[in-house]
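The report below walks through a single chain, moving from individual residues to helices and then to enclosed space. Please keep the sequence and the model at hand while reading.

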Amino acid sequence: MLSGSSWQKYMQYKTDTDAIVDWLATTAKQYGYTSDVVQPTHPVVYKSTKEPRLKGKARKAARAEAVPTASNTASLAQTKRVPIREFVSMAELIAASKHAGASMPKSVSHKLQRAIRLRQEVGALYDRMSHAREETGPASGHSYIIATLQTVGKVLRVKEPGPQPQPVFFAQPQEANEGLRNTFTALELEDTHETDAVDPMPDPLTRPASRDSFSADLSESNEESVTASICIWGDVHAIKQIVRQLWKAYQSGLVDLVAASVATDTAIGFVQHIQTDFEQLFGTLSGVRCIYCIYLQETQPGSSPAGYLGENCAGYSRSILQLRVNDLLEDSTVYVPTVAPDWVDVYDTTPERAAMTAEQKGAQDFKMVMGMLAEYEALILSAPVTSVRRSFQAEHNIFEGIRELRTKKIVTFWLSVAMQIHLDIRHILREDVVRGFDDLMVESTAILKTIDTVTEMHDTASTVSAYRRNSGLRDCHDLISRWTTQDYVASVRNEQMLDPSAAAHIPDYYLLKRDPLWCGLLLYNFRTAAYEGAIVTINKYSFVLSTAHLYNALQQNHLLSHNWHDMDAMLSKQTSEYLFIGDRPQDFVQCRKRMWLAIGMSPRSFASDRRRGSPRIDSSNARHLRIQVPVTWAFKGRYCDSDNRDSFGSEDVRVVLQKAVASQRRKISTKMSALVMGLAAMLQMEAEEIRFEYFQLHIDSYRMLKRVGDDLRDLILAVDRRATTDETLPVVVLVLLEAAMKAERRSAMLGADIDGHCPPMAAASRLVDDMLRVSTL
C-alpha cells in the first residue's frame with residue numbers, strides 16, 4: 001500500500017521524476033544530445049587562479065555589470081520541461097558513453113525506483129476499477145509512464161524495485177484508543193532512505209558553463225489528474241477515518257474534548273491545503289468524483305447506496321451545500337437565515353440510521369446541515385471578518401468555508417469534506433452530541449468560580465493597585481462569561497432580525513449544543529486564557545515560589561508529617577531543579593541561599609570576596625513558573641490571539657511535534673493521518689498540565705503565608721519590619737530561613753536539636769502541618 005501521506009507521496013513522485021529528468025537531461029546535454037528542449041553544451045575547464053581584488057570605481061563598475069538587465073537576462077538559467085518520449089533516448093546516449101561519470105548516482109536511482117513503485121501501486125488500483133476507466137478512458141498513460149521509467153532503469157542498469165504485495169490503497173489507520181494510550185505510539189517515525197543524501201559531488205573542473213534545470217512534462221498523460229485525485233482521496237479517507245476514531249474515543253472518555261477538536265480542525269486545514277496544491281497543478285477540484293467510493297460500489301455492493309455517497313465521502317454534503325448556493329444565486333437579497341421548526345431536533349433516532357433508506361439518510365443530513373448553516377450565516381452577517389482579526393472567538397475552518405461559499409457562490413471541495421466530517425461527528429455522538437456543550441459549561445463554570453475567588457482575595461488583601469493587578473483576570477472572566485452565562489449566538493442573531501419572535505422556536509444554545517467541534521475550540525480558548533492568567537498571577541505575587549521553598553525546607557528537615565500533594569505536583573511539573581536552582585536543598589544554610597537566588601540575587605553576593613553593602617536583587621534573574629505545554633501553545637495564535645492564521649499545514653504540525661519530542665531523538669512521520677493522531681496524543685498528554693489548579697495553588701500559598709505571618713507577627717517584625725503587608729508576605733519565608741540558619745549553626749556547635757533554638761521555624765512547622773492535616777489546603 002502507499003506509505004506516507006498519499007498527496008505528499010504524489011508530490012514526492014513529481015519531485016523524484018523531476019530529479020531523474022534533470023540528471024538525464026544535464027548529463028545527456030554534455031554528451032551532445034539535442035532536441036527542441038535540450039541543446040548540447042561542452043564542459044568548461046575553470047582556472048583555479050583568483051581574480052585580483054577590485055577597489056573604488058572598478059568595484060562599483062563590476063557590481064553594476066553583475067546586476068541582471070534587459071541585455072543579459074537571456075544568459076540566466078531556465079527551467080525547461082522535457083517530454084516523456086525523450087527519456088529513453090537520453091538514457092541510451094548516456095549508456096553508450098564511455099565516460100566514467102555516466103552511471104546514475106545512487107540517490108537518483110533510488111528516486112527512480114520510488115517513482116516506479118508509486119505508479120505501479122496507483123495503476124494497480126486504477127486498472128481494477130472499470131467505472132473509472134469508463135469515465136476517464138483507458139489507463140494507457142499509467143502503463144506508458146511506468147514502461148518508460150522501467151526502460152530507463154534497464155538501459156542504465158538500475159536494479160528494479162522488488163515485487164510489491166497486492167496494493168491496499170485505502171488502508172485502515174491504527175485505532176485511536178491504542179495510539180492515545182501511549183503518546184509516542186501515535187508519533188510514527190518517518191521512513192527515510194540512507195541514499196537520499198549520498199549524491200556524489202560533481203567535478204568542479206567539468207561543470208557546464210550555464211546550468212539550466214529540467215523537469216518532466218507529464219502533460220502527455222491524460223490520467224495525470226486522475227492519479228493526483230486518487231492520492232487526494234486516499235488522504236481524505238485516511239483523515240476522516242482518524243477523525244471518526246478520535247470522536248469515538250471521546251465518546252468513550254478516552255480523549256479530551258479539546259484534543260479531539262483541535263486535531264479535527266487541523267485535519268480540515270490539511271484538506272484545505274491539499275486542494276490549494278492540487279488546483280495550482282491541475283485546476284479546480286470541485287466535482288471530482290471519489291475514486292474510492294467508485295471502488296466500493298464496484299467491489300462491495302451495498303456498502304455505498306446508489307445515489308447516496310454521504311456514508312463514505314463528501315459527495316452528499318456537497319449536494320446539500322450546492323442547494324444553498326443555488327438559493328444565493330437566485331436571490332441576491334441579504335437576509336438573516338433562520339432555523340426551520342423541523343430542524344431543531346438534536347438528533348433524530350427514529351428509525352435507527354442503519355435501518356434508513358438512502359432517501360431517509362439524505363433527509364436527516366439535510367436537516368442537520370441546513371440548521372447549522374443558518375446559524376453560521378447569521379453570525380457571519382453580523383460581523384464580517386477583517387484583515388487583522390476574526391469575527392468570533394476560536395472560529396473553526398468551517399466558518400471560512402461558509403464565508404467563501406457566500407462570496408464566491410461556489411462549493412469548495414474542502415468545505416464539502418469539512419461538512420461531512422461534521423456530519424460524521426453528529427452520527428457518532430447521536431443525541432449525546434450535547435456532551436461537548438456540557439463539558440464546556442462545566443469547566444467554564446469552574447474557571448469562573450476560581451477567578452472570582454482570586455480577584456476577591458486580591459481585592460480584600462492589603463495590596464496596592466488591586467484592580468490594576470486583576471485587570472487581566474477580569475478580561476479572562478468577561479470573555480468566558482460572554483459565551484457561557486448567556487446564549488451569545490442567539491443574541492447576535494436576534495439583533496439582526498426585524499422580528500426576533502420569528503426565532504422563538506429555536507432552543508437556547510442551539511448552535512453550541514450541536515457543534516462539539518466549536519465547543520472544544522472555545523474550551524481550548526478558555527483553558528489557555530486561564531492557564532496563562534494563572535502563571536502570570538503566580539509570577540507577579542511570588543506567593544507560590546516562596547511557599548515552595550518554605551515547604552521544601554520543612555520537609556527536608558523532617559518537620560512535617562503530612563504532604564502537600566498539589567505543591568508536590570507543581571514541583572514535578574515545573575521541575576525542582578529549575579525552581580530550586582539545582583537539587584532540592586536540605587540544610588537551612590542551603591535553603592536560605594537558594595531562596596535568595598530564586599528571587600533574583602546574584603550568586604556573586606555569596607562569594608567570599610564580595611563587596612560590602614546591601615545585596616542587589618535583579619527580578620529578571622528570578623525563577624518564574626513557565627509555560628509547559630509547547631504543542632498546545634503553538635495553536636494559541638490561531639484560536640486565541642486572532643492572528644488571522646486560517647489553518648496549519650502538515651509541515652507546520654510536523655515541526656511543532658518534532659520540537660516537542662526533540663529530546664526523544666525521534667523523527668515524526670509525514671503521513672497526514674499520523675500527524676492528526678500524534679497531535680491529538682500530545683494535546684491529550686498536555687491537558688493534565690493546562691488543567692492543573694494553579695489558581696488554587698496561588699490561593700492556598702497566600703493563605704499559608706498569611707496565617708504564618710499573622711501568628712508569628714511579633715517574632716517576624718522583630719527581625720524584619722518589611723513584612724507588614726500582604727504584598728511582602730514572601731519576606732516571611734526569608735526571615736524564617738535566616739533564623740533557622742543561625743539556629744542550625746548554633747545547634748551544630750552545641751549538638752542540640754533545632755526545635756529548642758529556633759522558635760519561629762518550629763512554630764511555622766506546626767502551623768503548616770496543622771493546615772495540611774485538616775486539609776485546609
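## Buried side chains and their partners

His 427 has its place in helix α15 (residues 413–429), where helices (H or I, at least four residues) and strands (E, at least two) are DSSP runs numbered from the N terminus. This is a predicted model, in which local features need pLDDT of at least 70 and side-chain atom pairs count only at pLDDT 80 or more, while totals for chains, interfaces and linings use all residues. Residues are numbered from 1 along each chain as its sequence is written, and side-chain values use heavy atoms, with hydrogens and water left out.

His 427 counts as buried because its relative accessibility is 15%; buried means under 20% relative accessible area, exposed means over 50%, and partly exposed lies in between (1.4 Å probe, protein chains only). Its side chain is joined to that of Tyr 347 by a polar contact of 2.9 Å, and to the side chain of Arg 353 by another of 3.3 Å. A polar contact is a pair of N or O atoms within 3.5 Å; within protein, one atom must be able to donate a hydrogen and the other to accept it, and residues adjacent in sequence count only if both atoms are side-chain atoms. When neighbours within four places in sequence are left aside, the residues in contact with His 427 are Tyr 347, Arg 353, Gln 364, Asp 365 and Met 368, contact meaning heavy atoms within 4.5 Å.

Another histidine, His 477, is found in helix α18 (residues 471–484), and at 19% relative accessibility His 477 counts as buried. The side chains of His 477 and Asp 452 are joined by a polar contact of 2.9 Å, and, with neighbours within four places in sequence left aside, His 477 is in contact with Leu 448, Ile 451 and Asp 452. The C-alpha atom of His 477 is separated by 8.3 Å from that of Ile 447, although the two residues are 30 apart along the chain.

Arg 403, in helix α14 (residues 397–408), counts as buried at 13% relative accessibility. Between the C-alpha atoms of Arg 403 and Leu 381, 22 residues apart along the chain, the separation is 9.2 Å.

## Two covered helices and positive phi values

Helix α22 (residues 543–556) has 14 residues and reaches 20 Å from its first C-alpha to its last, close to the 20 Å expected at 1.5 Å a residue; the expected span is 1.5 Å times one less than the number of residues. Because 12 of its 14 residues are buried, α22 is largely enclosed by the rest of the structure. Among these buried residues are Phe 543, His 549, Tyr 551 and Asn 552.

Helix α25 (residues 588–598) is mostly covered, with eight of its 11 residues buried, including Arg 592, Arg 594 and Trp 596. The N-terminal end of α25 is capped by Asp 587, a side-chain oxygen of which lies 3.1 Å from the backbone nitrogen of Val 589.

Positive phi values occur at the places listed here.

| Residue | Place | Phi |
|---|---|---|
| His 558 | just after α22 | about 60° |
| Gly 600 | just after α25 | about 115° |
| Tyr 509 | loop between α19 (488–496) and α20 (510–514) | near 55° |
| Ile 581 | loop between α24 (576–579) and α25 | about 55° |

Tyr 509 counts as buried at 14% relative accessibility, whereas Ile 581 is partly exposed, with a relative accessible area of 27%.

## Enclosed space and the whole chain

A cavity is a set of points on a 1 Å grid over the protein atoms alone where a 1.4 Å probe fits but cannot get out, and its lining residues have an atom within 4 Å of a point. By this rule there are five cavities of 30 Å³ or more, and the largest holds about 60 Å³ of space. Two or more residues of its lining come from each of α10 (257–282), α21 (516–541) and α29 (672–690). The lining includes Asp 256, Tyr 524, Arg 527 and Leu 683.

The chain has 33 helices and two strands, and buried residues make up 51% of its 777 residues. Of the contacts with a separation of 6 or more, 78% are between residues 24 or more positions apart.

Technical notes. On a 1 Å grid over the protein atoms alone, a cavity is a set of points where a 1.4 Å probe fits but cannot get out, and a pocket is an open set with protein on both sides within 12 Å along at least five of seven lines; lining residues have an atom within 4 Å of a point. Grid points are joined across faces, edges and corners, and a volume is the space filled by probe spheres set on the points.
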